[in-house]
Amino acid sequence: MRPSSEPKTQGVAVFDFDGTSIGGQSGSLFTRYLFRNHIMSPCRLARLIWWGVRYKLHLPYRQDEARELVFGALGEKSAEEVDAVMARFYDEVLAPLYRPRAVEEAARCHAAGLTVLLVSATFEPIAARAAKALGADGFVATRMERNAAGDYTGEVDGPVIAGAEKYQAVVRWCDEHFGPGNWSLEAAYADHHSDADLLARARRPYAVCPGKTLAVAARRNGWPILDWKTGSRAGRS
């Protein structure tokens, strides 16, 4: 029999970061870290809190605004200094928060022949470390703009990787690495209702430690609910 010339379709498993791979939200934790270390002013902190209130209440807000407020606190530092702050934050705060079940599941996906991709709204330098800890093959995250000298401008470069943009980011990464039509989204793991679009596009969607809104959507759609806080599986209901 003549071997098929059809390119093999590569299966992909996508893992969210905040609240899924780790037990916490890197954005709010980074804000507190900067404030505790006297890098962020009380006024800037208040503006970020107000952004969070608008987000929670579904009032008008820009995704870019929160990231720009955070990076504004780092505005006097060089890119090397900013990256060093994020590295210290990751090591001191985020590294202890990994959920063992997330790391185990990523390893299981690898064993099944899937490419593991971390997708997050967090900043790229943090996501790069997170992807390595998770054992992911790659990552997509929010990129901050740099000027000609290589220093951060404080502006977001491209879209914030949140909400429906997460799936679009997956498409761009997979099309670049495998070619359009040569990959499939086999599994997705996420915790927040804004990730519902990503989950709905996966062959096997998993709601991990979901908030109330996503839990309702998961039950309605028959998506398994995984409790990675304790390692148990709530299952379908």
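**Questions on a predicted chain**

Trainee: Where is the place of Lys8?
Mentor: This is a predicted model, in which local features need pLDDT of at least 70, side-chain atom pairs count only at pLDDT 80 or more, and totals for chains, interfaces and linings use all residues. Residues are numbered from 1 along each chain as its sequence is written, and side-chain values use heavy atoms, with hydrogens and water left out. Helices (H or I, at least four residues) and strands (E, at least two) are DSSP runs, numbered from the N terminus. Lys8 sits in the segment before S1.

Trainee: Is Lys8 buried or exposed?
Mentor: Buried means under 20% relative accessible area, exposed over 50%, and partly exposed in between (1.4 Å probe, protein chains only). The relative accessible area of Lys8 is 72%, so Lys8 is exposed.

Trainee: What separates the C-alpha atoms of Lys8 and Gly181?
Mentor: Along the chain, Lys8 and Gly181 are 173 residues apart. In space, their C-alpha atoms are separated by 9.9 Å.

Trainee: How many helices and strands has the chain?
Mentor: Both kinds of element occur in this chain. The count is nine helices and nine strands.

Trainee: What is the radius of gyration of the chain?
Mentor: The radius is taken over C-alpha atoms, and the globule rule is 2.2 Å times the number of residues to the power 0.38. With 237 residues, a compact globule would come near 18 Å. The chain agrees with that, at 19 Å.

Trainee: What box do the C-alpha atoms of the chain fill?
Mentor: The box is taken along the principal axes. Its sides are roughly 65 × 45 × 35 Å.

Trainee: What share of contacts joins residues at least 24 apart?
Mentor: A contact means heavy atoms within 4.5 Å. Take the contacts between residues at least 6 apart in sequence. Of these, the share joining residues at least 24 apart is 56%.

Trainee: Which residues of helix H6 are buried?
Mentor: Helix H6 covers residues 124–134. Its buried residues are Ile126, Ala127, Ala130, Ala131 and Leu134.

Trainee: Why are they on the same side of H6?
Mentor: The arc is that of the directions from the helix axis to the C-beta atoms. The buried residues lie on the same side because they cover an arc of only 135 degrees.

Trainee: What do the buried residues of H6 pack against?
Mentor: Two of the partners are helices H4 (79–94) and H5 (100–111). The strands are S1 (10–16), S2 (115–123) and S3 (138–142). So the full list, since packing here rests on heavy atoms in contact, is S1, H4, H5, S2 and S3.

Trainee: Which residues does Ala133 touch?
Mentor: Ala133 lies in helix H6. Ala133 is partly exposed, at 36% relative accessible area. Leaving out residues up to four places away in sequence, Ala133 touches Tyr90, Tyr98 and Val103.

Trainee: Which residue follows H6?
Mentor: Its phi is positive, near 85 degrees. The residue is Gly135.

Trainee: Is Lys166 buried or exposed?
Mentor: Lys166 is in helix H7 (residues 165–178). Not counting residues up to four places away in sequence, Lys166 touches Asp16, Val119, Ser120, Ala121, Ile161, Asp195 and Leu198. Its relative accessibility is 6%, so Lys166 counts as buried.

Trainee: What is the relative accessible area of Tyr152?
Mentor: Tyr152 is found in strand S5 (residues 152–156). Its contacts beyond four places in sequence include Phe71, Val82, Met86 and Pro125. Tyr152 is buried, and its relative accessible area is 14%.

Trainee: What is the phi of His38?
Mentor: His38 lies in the loop between helix H1 (26–36) and helix H2 (42–56). His38 counts as exposed, at 73% relative accessibility. Its phi is positive in a residue other than glycine, near 60 degrees.

Trainee: In which loop is Cys209 found?
Mentor: Cys209 is not a glycine, yet has a positive phi of about 45 degrees. Cys209 is buried, with a relative accessible area of 15%. The loop runs between strand S7 (204–208) and helix H9 (212–221).

Trainee: How many Å apart in space are Arg108 and Asp227?
Mentor: Arg108 has its place in helix H5. Arg108 is partly exposed, with a relative accessible area of 39%. Arg108 and Asp227 are 119 residues apart in sequence, and their C-alpha to C-alpha separation is 17 Å.
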